[in-house]
Amino acid sequence: MHNNSSNNNNNNINIKQGRTFNILIGCTGSVASLKIPKLVEELLASKYKVCVKIVTTKHAQHFFDKNVLPVEIFCDEDEWTTWKSVEDPILHIELRRWADILVIAPLDANTLGKIACGLCDNLLTCIVRAWQPDKPLLFAPAMNTMMWNHPITANQVQALKSFGYKEIPCIEKVLACRDKGLGAMAETATIVKKVEEHLEKMSSNHYYYFY
Ligand SMILES: Cc1cc2nc3c(=O)[nH]c(=O)nc-3n(C[C@H](O)[C@H](O)[C@H](O)COP(=O)(O)O)c2cc1C
């Protein structure tokens, strides 16, 4: 297991009131995964009581040091090392049950395409495929401008929206590859704000249903 579970309970040592929300971040092989530490820090500083866990694809792990993040991190290997026999929990189902909200940030072109088609060949896409439709799923696309402008992108984003998932739109800027245009992941502050909007709804509704 690639995790820092000893630190995990520190998330909630604060004076925040109300229930704890379990936030699962899914991150993929976009250069915007460089911002995962910042996103985690800002979510933990939210006015809501939150517990954060991360699910990462293999390629996302190139962009941040999982050993310094103060939250539990799961990768594809964990799915198989934690399951030995039929009594064992199945990680992608357990994480789906645990999470109140899933935020895929960044969502790269590859995983966007896979989710749009219903593919589930890793831990993150299995969680998405098994996602409970009455829980919010937010996604923040991030890709090169030419990838973003490819006609298939709009179709795939539309497919995700048709499943009830909420887009956090990408923004225009000079990208890491030095192309300028749309495709950069939304600012982390924007992502946190969107998450908080959903936590607010969940706080005020005893039952949280289709959003
Ligand atoms: C340095 C680097 C940066 C990348 N940035 C992006 C990106 O921002 N968006 C994207 O869609 N793909 C990006 N890619 C390509 C993805 O990493 C590649 O499609 C990979 O297969 C994605 O796998 P995953 O979706 O399982 O994480 C990048 C690749 C490299 C080497």
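## A tour from the core outwards

Begin by selecting Ile-23, Val-103, Ala-105 and Ala-140, the residues with the most contacts inside the largest nonpolar core, which has 58 residues. Strand 4, residues 101–107, gives this core its largest share, namely six residues. What you have open is a predicted model, and the mean pLDDT of its chain is 91, with 90% of the residues reaching 70 or more. Over residues 1–12, however, the pLDDT is below 50, although this stretch has 23 contacts in the model beyond near neighbours in sequence. Where pLDDT is low, the predicted coordinates should not be read in detail.

Next, keep Ile-23 selected and look at what surrounds it. Once its neighbours within four places in sequence are left aside, Ile-23 is in contact with Leu-43, Val-50, Val-52, Asp-100, Ile-101, Val-103 and Val-195.

Now show the strands. Six of them form an open sheet with parallel pairing, and their order across the sheet is 3-2-1-4-5-6. At the edges you will find strand 3 (72–74) and strand 6 (166–167), each of which pairs on one side only.

From the edges, move to strand 4 and examine its two partners in turn. With strand 1, residues 20–27, strand 4 pairs in the parallel sense over four bridges, and in this pairing you can select Ile-25, which stands opposite Val-103 of strand 4. With strand 5, residues 137–141, the pairing is likewise parallel and runs over four bridges; here Leu-102 stands opposite Leu-137, while Ile-104 stands opposite Phe-139.

Is strand 4 largely enclosed by the rest of the structure, or is it open to the outside? Seven of its seven residues are buried, so strand 4 is largely enclosed by the rest of the structure.

Before leaving this strand, select Ala-105 and Pro-106 and look at the backbone between them: the peptide bond from Ala-105 to Pro-106 is cis, with omega near 0 degrees. Pro-106 itself has its place in strand 4, and Ala-105, as at the start of the tour, is among the residues with the most contacts inside the largest nonpolar core.

For the last stop, go to the loop between strand 7 (171–174) and strand 8 (180–184), where Arg-178 is placed. Although Arg-178 is not a glycine, its phi is positive, at about 75 degrees. Is Arg-178 buried or exposed? Arg-178 is exposed, with 6 other C-beta atoms within 10 Å.

Note on methods: Residues numbered from 1 in each chain as written. Predicted model: local features only at pLDDT ≥ 70, side-chain atom pairs only at ≥ 80, totals over all residues. Core = buried A, V, L, I, M, F, W, Y, C linked by C-beta atoms within 7 Å. Buried ≥ 20, exposed ≤ 12 C-beta atoms within 10 Å, placed from the backbone. Helix = DSSP H or I, 4+ residues; strand = E, 2+ residues; numbered from the N terminus. Contact = placed C-beta atoms within 7 Å. pLDDT = per-residue confidence, 0-100. Pairing = 2+ DSSP bridges.
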